[in-house]
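Please open the model in your viewer and keep the sequence beside it, since this tour moves from one selection to the next.

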Amino acid sequence: MARAPSGVSVAEVKPNRPPTVFESRLYAVCKSIPEGKVSTYGAMAAVLKSAPRAVGQALRRNPYAPAVPCHRVIAASLELGGFSGQWGPQTPNVCKKRALLEKEGVLFDARGKLVDESQCLGAEELGRACRAAGCEA
């Protein structure tokens, strides 16, 4: 059965429906991305044996932010990508995503591309981080 991610109380969020099994797995993987790091929709999809678009759609509906830090997921091009249903580096939600990441030490250039590529976890690194955190992808 699907359930809220560990460490998230019902008082913190009021989702309009329980998360699906896929969303529960996705949120667990997302929570394994440490502060100061990011990963891509594609890397998350590889860990979950899914598709990047499915990851993006599920994260767009994430009712557990910031406990489930969906702002740490960026596009395969290492650009900011979307956030809360908006796409484009000048949109309000993507500007918020950038500010959250910069507060964590993840910087982007003027075009919205990740400055330090070593801060991005690929599928293998993300899988290891997930296993270390005890999540079942």
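## From the sheet to the helices

Begin by selecting strand 1, residues 38–40, together with strand 2, and you will see that the two pair in the parallel sense over 2 bridges; keep in mind throughout that this is a predicted model. Next, pick out threonine 40, which stands opposite isoleucine 74 in strand 2.

Now widen the view to the whole sheet, which is open, has 3 strands in the order 2-1-5, and is joined by parallel pairing. Its edges are strand 2 and strand 5 (120–121), each of which pairs on one side only.

Turn then to helix 1 (residues 21–31) and add helix 3 (residues 52–60) to the selection: the two pack at an angle of about 90 degrees, and their axes lie 10 Å apart. Because angles of 65 to 115 degrees count as roughly perpendicular, that is how helix 1 and helix 3 are described relative to each other. To see where they meet, show Phe22, Glu23, Leu26, Tyr27 and Cys30 on helix 1, and Ala54, Val55, Ala58 and Leu59 on helix 3. Sorted by class, this contact of helix 1 with helix 3 comprises 8 nonpolar residues and 1 charged residue, with no polar ones.

Stay with helix 1 for the last stop, and colour its buried residues, namely Glu23, Ser24, Leu26, Tyr27, Val29 and Cys30. What covers these buried residues of helix 1? The cover includes helix 2 (41–48), helix 3, strand 2 (73–74) and helix 5 (123–132), so displaying those elements around helix 1 completes the tour.

Technical notes
Residues are numbered from 1 along each chain as its sequence is written. This is a predicted model: local features need pLDDT of at least 70, side-chain atom pairs count only at pLDDT 80 or more; totals for chains, interfaces and linings use all residues. Side-chain values use heavy atoms; hydrogens and water are left out. Axes are lines fitted to C-alpha atoms, for helices over the stretch in contact, and angles run from 0 to 180 degrees between N-to-C directions. Helices (H or I, at least four residues) and strands (E, at least two) are DSSP runs, numbered from the N terminus. Angles under 35 degrees count as roughly parallel, over 145 as roughly antiparallel, 65 to 115 as roughly perpendicular and the rest as oblique. Contact means heavy atoms within 4.5 Å. Ala, Val, Leu, Ile, Met, Phe, Trp, Tyr, Cys and Pro count as nonpolar, Asp, Glu, Lys and Arg as charged, and the others, Gly among them, as polar. Buried means under 20% relative accessible area, exposed over 50%, partly exposed in between (1.4 Å probe, protein chains only). Two strands pair if DSSP finds at least two bridges between them.
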